[in-house]
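Please open the structure in your viewer and keep the selection tool at hand. This tour moves from one stop to the next, saying what to select and what is there.

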Amino acid sequence: MNGVPSSTFFSAPPDWGWLIALYFFFGGLAGGSYFLASLIDLFGRSEDRPLSHLGYYIAFPCIVIGGLLLTVDLGRPERFWHMLIESNTYRPMFKYWSPMSIGSWALMIFGIFALISFLGALADAGRIPWAAWRKVHPPSLLGRFIAIIGGIFGFYVAGYTGVLLAVTNRPIWSDTPLLGLLFIVSAASTSAALMILLAKKSRWTMPGLLDLHRMDAWVVALEFIVLIALIISLGPVLRAWLNAWGLLLFFGVIVVGMLVPLALYWRREWFGDRNVTFAAALVLVGGFILRLVIVFSAQGV
C-alpha cells in the first residue's frame with residue numbers, strides 16, 4: 001500500500017458536498033489572509049502592522065474550521081490521523097504521489113505556522129500578556145523567517161484545492177488547467193475583502209487600508225479575467241454549465257461578486273463611505289458561490 005497509488009485514485013469519482021465546499025471557502029480565507037499578512041509584514045510600513053495582525057487573526061481560526069470540516073467529512077472523524085500516521089507502524093506516512101497526502105501535511109504544517117503567527121500578532125498588539133511571543137512576529141529575524149515560510153504554505157493551501165480537483169475524472173474539474181490559479185486569485189480577493197470588513201469595524205487606525213482596498217480591486221479584475229479564461233478553456237464541456245448552475249455562476253459570481261464590486265470600487269460617489277463595505281461584502285459572497293458552483297455542478301454531470 002505504501003509503494004504505488006491505488007488504481008482508482010485518479011479514476012474513482014469523489015462524492016463531495018457542503019462540508020467540502022465550506023472547507024474550500026475557509027481554507028482559501030486562511031491561506032489567503034496569512035499570505036497577505038506576511039506580505040504586509042515583510043514589505044509594508046511599521047504603521048501597517050495592525051492590518052497584518054488582522055490577517056493572522058483570520059488565518060488561524062479559518063484553518064481550524066477547515067480542518068474540522070475535513071475531519072467530519074471523512075465519515076469516521078476519529079480516524080483523521082490516518083491521513084498522517086501509518087496505522088500499523090505509527091510512523092509518519094507521506095505519499096508523494098497523492099495530492100491528498102501532500103495536502104494533509106501542508107495543512108498541518110500551515111496550521112502550526114498560523115497558530116504561532118496568531119499568538120505573535122496578539123502579543124505584538126498587546127492583547128495577551130506574553131511578551132516573549134513578540135519575537136515570533138516581524139520585524140524580528142525569527143518573525144520574518146516564520147512569515148516567509150508560513151506565507152509559502154499559505155499560498156499553497158490557497159491553491160492546492162483547485163489542483164486537487166484537477167486530478168480527478170470529473171467534467172469541468174479535469175478539463176481545465178486553470179482551477180488552481182482561479183482558487184489562488186479568489187482566495188486573495190476574498191481574504192482582502194474580509195480584512196477590509198474587519199478593519200472598517202476595528203477601533204484601530206489602519207493607514208494601509210486604502211492600499212489594501214485598491215489592491216483588492218485589481219485582484220477582483222484579475223479573478224474575472226482568469227474565470228473567463230477558464231470558461232473558454234472548457235471548450236465543449238462548457239455545456240455542463242448551461243443550466244441553473246451556469247446562471248448562478250453568471251449572476252452570483254460574475255455580476256454580484258465581481259462586476260458590481262468593481263463598479264463600487266471605481267464609483268465611490270454611489271454610496272460614499274459604505275462603498276468599500278458593500279464591495280467587500282459582495283466579493284465574499286461571490287467567492288463562496290464560486291466554490292459552490294465548482295463543487296456541485298461537476299458532480300451533477
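A patch is made of residues with over 30% relative accessible area and no salt bridge, where like charges are joined within 9 Å and nonpolar side chains (Val, Leu, Ile, Met, Phe, Trp, Tyr) within 5 Å. Accessible areas come from the Shrake-Rupley method with a 1.4 Å probe, and for residues only the protein chains shown count as cover. Before you select anything, note that this is a predicted model, in which local features need pLDDT of at least 70 and side-chain atom pairs count only at pLDDT 80 or more, while totals for chains, interfaces and linings use all residues. Residues are numbered from 1 along each chain as its sequence is written, and side-chain values use heavy atoms, with hydrogens and water left out.

Begin by selecting Leu247, Phe250 and Phe251, which form a nonpolar patch on the surface with about 320 Å² of accessible area together. Phe251 belongs to helix 7 (helices are DSSP runs of H or I with at least four residues, strands are runs of E with at least two, and both are numbered from the N terminus). Phe251 is partly exposed, with a relative accessible area of 48%; here buried means under 20% relative accessible area, exposed over 50%, and partly exposed in between, with a 1.4 Å probe and protein chains only.

Next come the aromatic pairs, of which the structure holds 15. Rings of Phe, Tyr and Trp (its six-membered ring) pair if their centres lie within 6.5 Å, and planes under 30 degrees apart count as stacked, over 60 as edge-to-face and the rest as tilted. Select Tyr34 and Phe110, an edge-to-face pair with 5.5 Å from centre to centre and 75° between the planes. Because Tyr34 lies in helix 1 (residues 18-43) and Phe110 in helix 3 (residues 99-124), this pair ties together parts that are 76 residues apart in sequence. Are these two rings buried or exposed? Tyr34 is buried at a relative accessible area of 0%, and Phe110 is buried at 0% as well.

Now select Trp245 and Phe296, a stacked pair whose centres are 6.0 Å apart and whose planes differ by 10°. Trp245 is in helix 7 (residues 244-266) and Phe296 in helix 8 (residues 274-299), so the pair ties together parts 51 residues apart in sequence. Trp245 is partly exposed at 30%, whereas Phe296 is buried at 18%. If you add Trp18 to the selection, you have a cluster of Trp18, Trp245 and Phe296 linked by ring pairs.

For the last stop, turn to the salt bridges, each being a side-chain nitrogen of Lys or Arg within 4 Å of a carboxyl oxygen of Asp or Glu. A search of the whole structure finds 6 of these salt bridges. Select Asp124 and Arg49, whose side chains meet in a salt bridge at 2.4 Å, N to O. With Asp124 in helix 3 and Arg49 in helix 2 (residues 49-73), the pair ties together parts that are 75 residues apart in sequence. Asp124 is buried, with a relative accessible area of 13%, while Arg49 is partly exposed at 22%. Asp124 also forms a salt bridge with Arg134, the closest N and O atoms being 3.6 Å apart. Finally, select Arg45, Glu47, Asp48, Asp211 and Arg214, which are joined into one network by salt bridges that share partners.
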